[in-house]
Amino acid sequence: AVSIFEKELQFWSSMKLSAVDPVKALLTGFVILIMSSSTGAKAFSVANLNYVSPPASDAAAQITNPVKYPRDLYPEIEPYEEGMLDVGDGHQLAYDVSGNPNGIPAIFLHGGPGAGVSPRVRRFFDPAIYNIVIFDQRGSGKSIPNASDDLEKSLVENTTPKLVEDIDKLRRHLKIDRWGLVLGGSWGSTLALAYAETYPEDVESLLLRGVFLFGPDEVDYLFCNGGTYGQNPQAWETYCQYIQDTSQDWDREQKNLLGAYWERLQSKDPSVREAAASAFVGYELSISKAYIDPAVIEEYLGTPSILIPFAVMEVHYMLNAGFMRRGQLLDCVDRIKHLKVAICHGRADYVCQPQAAWRLHQALKKVGCKYVDLEFVSGAGHSDSEPGLVDAMVRASDKLAIELAKMRTK
């Protein structure tokens, strides 16, 4: 549910913070941000990096010069339709549509919850073949209200069942008979499964990256019992240290770290909310990739319209078990056994463990799913910006396009 979700990584990575050395910023705890006016995003004067662990070394310069894979993203593309959809409960969802208007309907479900969508994600689909829909979920991105503007209203009826209904309302609004492809990564994979199991006749295929089944073991591993300590002990200890340093009852709060973060994220003091969000999101970003780019973390933590929804929505959903019955997604997997399902998962994913992808793969096979294709990607972590995962996802998207085209010619 998690998952991270790096907004427009190529844009952020190309930003030149000429006055600031990123590594020095991590050590000193802040960096003056130079924001592009074209983003339209509000910015803090500083990014709070006090509780963000430094990245591991990158002697081979993989951040700036990554390994080349056979496939990369499709070229940038502009939408031919944009809009705001009123879905009720005080929420309006920002969406856009690009690609081939007569193509296979495809929708991208972003992670978080709360991470928001980026124009970059359109590029996982062949624009000549797919009719591509992207949107910001309740409380995030350009949708109204954004949690950074109105926290209380952004949380109204912000639950998994409501998000599932929003996807179907968007489908009907766009006069789409059924989704040819639903692509979701991290929390987006959770939502994709929940949607497909609720509306199995309105989906033909799924492409899932960084699978998260919202089991209690997955939540506890990531946020409660130090499961990530084995891979990145400094990140886990820094995540805990923020709560300890700001706690008046550490004996109690160390047993409920998510609850402690939630208390601070709801503070009436904006500085407390921002500090808590920075520590929480900084922790997840610091374990999300095989090669961590400090500049990406700085930009995330310096942009409240991204930072606040990311932290608030994720903790909100984690505390409420994803608003689903325990084990629901695997228990109901027989409902989607007729779908074509592709799964791409980083072998070194410390956010959403590879075991979740394997469990889903095995469950689908046991109920008779005839098309379930699982690819573990060596050298990749959790983020869909990592070259190995980009390659795997684009290949899977292309392969599904061929399979879906065959279905349409029968």
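## A walk from two cysteines to the core

Let's start with Cys352, which counts as buried because its relative accessibility is 1%, below the 20% cut-off. Cys240 also counts as buried, at 13% relative accessibility. Are there disulfides in the structure, and how many? A search of the whole structure finds zero disulfides. Please keep in mind, as we go on, that this is a predicted model.

Now for the overall picture. The protein has 410 residues, and 59% of them are buried. Its secondary structure consists of 15 helices and eight strands. If you take the contacts between residues at least 6 apart in sequence, 75% of them join residues at least 24 apart.

A good place to step inside is strand S6, residues 205-209. Five of its five residues are buried, so to speak of this strand as mostly covered is fair. Which residues lie on each of its faces? Ser205, Leu207 and Arg209 are on one side, while Leu206 and Leu208 are on the other, and all of these are buried. S6 has strand partners as well. Strand S5, residues 181-185, pairs with S6 in the parallel sense over four bridges, and within this pairing Gly184 has Leu208 as its bridge partner. Strand S7, residues 340-346, also runs parallel to S6, and five bridges join the two. Here Leu208 turns up again, standing opposite Ile343 in S7. The path from S5 to S6 involves helix H5, residues 187-198: together S5, H5 and S6 make a right-handed β-α-β unit.

The leucines of S6 lead us on to the nonpolar cores. In soluble globular proteins, nonpolar side chains tend to be buried together. In this model the largest nonpolar core has 94 residues, and Ile107, Leu206, Tyr239, Phe280, Leu301 and Leu360 are those with the most contacts inside it. Helix H12, residues 304-319, gives the most to this core, with 10 residues. There is also a second, separate core of 29 residues, which includes Tyr74, Val121, Leu207 and Met393. Leu206 thus belongs to the largest core, and Leu207 to the second one.

Let's look at H12 itself. Because 15 of its 16 residues are buried, H12 is largely enclosed by the rest of the structure. From its first C-alpha to its last, H12 reaches 22 Å, close to the 22 Å expected at 1.5 Å a residue. Following this helix comes Ala321, whose phi is positive, near 55 degrees.

Leu360, another of the residues with the most contacts in the largest core, takes us to helix H14, residues 354-366. This helix has 13 residues and reaches 19 Å from its first C-alpha to its last, close to the 18 Å expected at 1.5 Å a residue. Its buried residues are Pro354, Ala356, Ala357, Leu360, His361, Ala363 and Leu364. What covers them? The cover includes H5, S6 and S7, along with helix H6 (216-224), helix H13 (328-331) and strand S8 (371-377). Leaving out residues up to four places away in sequence, Leu360 touches Leu193, Leu208, Val211, Leu213, Leu330, Val333 and Ile343. You will recognise Leu208 and Ile343 from the pairing of S6 with S7. Just after H14, Gly368 takes a positive phi of about 95 degrees.

Tyr239, also listed for its contacts in the largest core, and Cys240 both appear among the buried residues of helix H7, with Ala235, Trp236, Thr238, Tyr242 and Ile243. H7 spans residues 233-246; its end C-alpha atoms are 20 Å apart, which agrees with the 20 Å that 14 residues should span at 1.5 Å a residue. The cover over its buried residues includes H6, helix H8 (250-253), helix H9 (257-265) and helix H10 (270-285).

Between H6 and H7 there is a loop, and Asn225 lies in it. Is Asn225 buried or exposed? It counts as exposed because its relative accessibility is 53%, over the 50% cut-off. Setting aside neighbours within four places in sequence, Asn225 is in contact with Asp220 and Trp236. Its C-alpha atom is separated by 9.6 Å from that of Gln254, 29 residues apart along the chain.

For our last stop, take Glu299 in helix H11, residues 294-301. At 1% relative accessibility, Glu299 counts as buried. Glu299 and Val46 are 253 residues apart in sequence, with 9.8 Å between their C-alpha atoms.

Note on methods: Residues are numbered from 1 along each chain as its sequence is written. This is a predicted model: local features need pLDDT of at least 70, side-chain atom pairs count only at pLDDT 80 or more; totals for chains, interfaces and linings use all residues. Side-chain values use heavy atoms; hydrogens and water are left out. Buried means under 20% relative accessible area, exposed over 50%, partly exposed in between (1.4 Å probe, protein chains only). Two strands pair if DSSP finds at least two bridges between them. A crossover is right-handed if, with the strands pointing away from the viewer, the path from the first strand over the helix to the second runs clockwise. A nonpolar core is a set of buried Ala, Val, Leu, Ile, Met, Phe, Trp, Tyr and Cys residues joined through side-chain atoms within 4.5 Å. Contact means heavy atoms within 4.5 Å. A disulfide is a pair of cysteine sulfur atoms within 2.5 Å. The expected span of a helix is 1.5 Å times one less than its number of residues.
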